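Thanks for coming. I will talk through one structure this morning, going from a single residue out to the whole chain and back again. Please have the sequence and the model open while I speak.

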Amino acid sequence: MEEPDTAPVPSRLARLLSALFYGTCSFLIVLVNKALLTTYGFPSPIVLGIGQMATTIMILYVFKLNKIIHFPDFDKKIPGKLFPLPLLYVGNHISGLSSTRKLSLPMFTVLRKFTIPFTLLLEAIILGKQYSLNIILSVLAIVLGAFIAAGSDLTFNLEGYVFVFLNDIFTAANGVYTKQKMDPKELGKYGVLFYNACFMLIPTLIISVSTGDFQQATEFRHWKNVLFIIQFLLSCLLGFLLMYSTALCSYYNSALTTAVVGAIKHGRWFKILLFNTKQPVET
């Protein structure tokens, strides 16, 4: 799957399907991660992120070997072309996985909506993109509406607030810089995904081992539980699909569109499904 030297103007159908694909992956991975981190009590969001990175590397490398996709071979210019995406990538993963289990879902929903104004602001600063007053007012209305909807559940958890706001910033910055870096003449979307995961896998693994996080994960009591293993592997696969669908949505649309689609998954019907996974699994 060769990427053209110049990106063609995407059709409306391509924009719509890429947004639906991203929204579906984003919805499913939160459900699975919530089950792993809350229902089963898996102690390490970092190890879960490592599994997702490793899956991304393996799938893309196998596809490249079989000439299904194409991206440049490694050279010394690639780190410079990617920066600061690898840092944003791992920050987005870790803060996102950590924030999932720190807050009640209504407050999590409210605070995640701040990804949208952060994205709008960063697109203006980094990409020089200008939006109309109607779009700006619509973004503010989304945030205000989320606050009103969660007004009955204004719980306070400082650690949770820090993680979710960090996740908002990392998500917004990652989306904007991904849009900037996916030039088909440079790395293309597959190269961005592959080298991001490569550059951050080893440092993240070192952090996990040095903090004792990796040992906690290896000693986790549910590794003999077949259902848990299936869900862990599913999370790894969905992690790859989420990264790919995010890049695809940003490629065909704007980073702001991707941020808005990501926020849609926190609807009322989603809350009901997610809270059905709250009870811990007995040993």
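Let us start with K67, which sits in the loop between helix 2 and helix 3. This is a predicted model, so everything I say about K67 and the rest is computed from predicted atoms. The phi angle of K67 is near 60 degrees, a positive value in a residue other than glycine. Is K67 buried or exposed? Its relative accessibility is 73%, so K67 counts as exposed.

Stay in that loop for a moment. I69 is also found between helix 2 and helix 3, but I69 has a relative accessible area of 5% and is buried. The cut-off for buried is under 20%, and for exposed it is over 50%. Which residue lies 7.6 Å from I69 in space, C-alpha to C-alpha, while being 121 residues apart in sequence? That residue is Y190.

Now the whole chain. The protein chain has 13 helices and 0 strands, so if you read the elements from the N terminus on, you meet α each time. There are 283 residues, and 51% of them count as buried. Take the contacts between residues at least 6 apart in sequence: 89% of these join residues at least 24 apart.

Next, the database record. UniProt, in an unreviewed entry, places the feature "transmembrane region" at six stretches: 12-32, 44-63, 131-149, 161-178, 190-211 and 223-244. I checked two of these against the model. Residues 12-32 are 100% helix and 0% strand, with 31 Å between the end C-alpha atoms. Residues 44-63 are 95% helix and 0% strand, and there the end C-alpha atoms are 29 Å apart.

On to the nonpolar cores. How many residues does the largest nonpolar core have? It has 29, and those with the most contacts inside it are M53, L60, F71, L82 and Y195. Several elements give two or more residues to this core: helix 2 (45-65), helix 3 (78-82), helix 4 (85-99), helix 9 (188-210) and helix 11 (226-252). The largest share, 8 residues, comes from helix 9. Where does this core lie relative to the two domains? Domain 1 (10-71 + 188-272) and domain 2 (74-186) both give residues to the core, so it lies between them.

Y195 is a useful residue to click on here. Leaving out residues up to four places away in sequence, Y195 touches F71, P72, D73, F74, I78, L82 and L187. There is also a second, separate core, with 15 residues, including L48, A217, F228 and F232.

One of the residues that Y195 touches is D73, and that brings me to charges. Side chains of opposite charge can pair when their charged atoms come close. A search of the whole structure finds 2 salt bridges.

One of them joins D73 to K64, with the closest N and O atoms 3.3 Å apart. D73 has 56% relative accessibility, so it counts as exposed. K64 has a relative accessible area of 19%; because that is under 20%, K64 is buried.

The other is between the side chains of R112 and D168, at 2.8 Å from N to O. R112 lies in helix 5 (residues 105-112) and D168 in helix 8 (residues 158-181), so this pair ties together parts that are 56 residues apart in sequence. Are these two partners buried or exposed? R112 is at 14% relative accessibility and counts as buried. D168 is buried as well, with a relative accessible area of 0%.

A polar residue to compare is N33, found in helix 1 (residues 12-39). At 6% relative accessibility, N33 counts as buried. What does the side chain of N33 make a polar contact with? The partner is the side chain of S235, at 2.7 Å.

Last, a backbone detail. The peptide bond from F83 to P84 is cis, with omega near 5 degrees. P84 lies in the loop between helix 3 and helix 4, and those two helices are both on the list of elements that give residues to the largest core.

To find these places again, begin at K67 in its loop, go to Y195 and the residues it touches, and finish at the salt bridge between R112 and D168.

Note on methods. Residues are numbered from 1 along each chain as its sequence is written. This is a predicted model: local features need pLDDT of at least 70, side-chain atom pairs count only at pLDDT 80 or more; totals for chains, interfaces and linings use all residues. Side-chain values use heavy atoms; hydrogens and water are left out. UniProt positions are given in the numbering used here, feature names are shortened, and annotations may be inferred rather than shown by experiment. Helices (H or I, at least four residues) and strands (E, at least two) are DSSP runs, numbered from the N terminus. A nonpolar core is a set of buried Ala, Val, Leu, Ile, Met, Phe, Trp, Tyr and Cys residues joined through side-chain atoms within 4.5 Å. Buried means under 20% relative accessible area, exposed over 50%, partly exposed in between (1.4 Å probe, protein chains only). Domain bounds come from an automatic or database domain assignment. Contact means heavy atoms within 4.5 Å. A polar contact is a pair of N or O atoms within 3.5 Å; within protein, one must be able to donate a hydrogen and the other to accept it, and residues adjacent in sequence count only if both atoms are side-chain atoms. A salt bridge is a side-chain nitrogen of Lys or Arg within 4 Å of a carboxyl oxygen of Asp or Glu.
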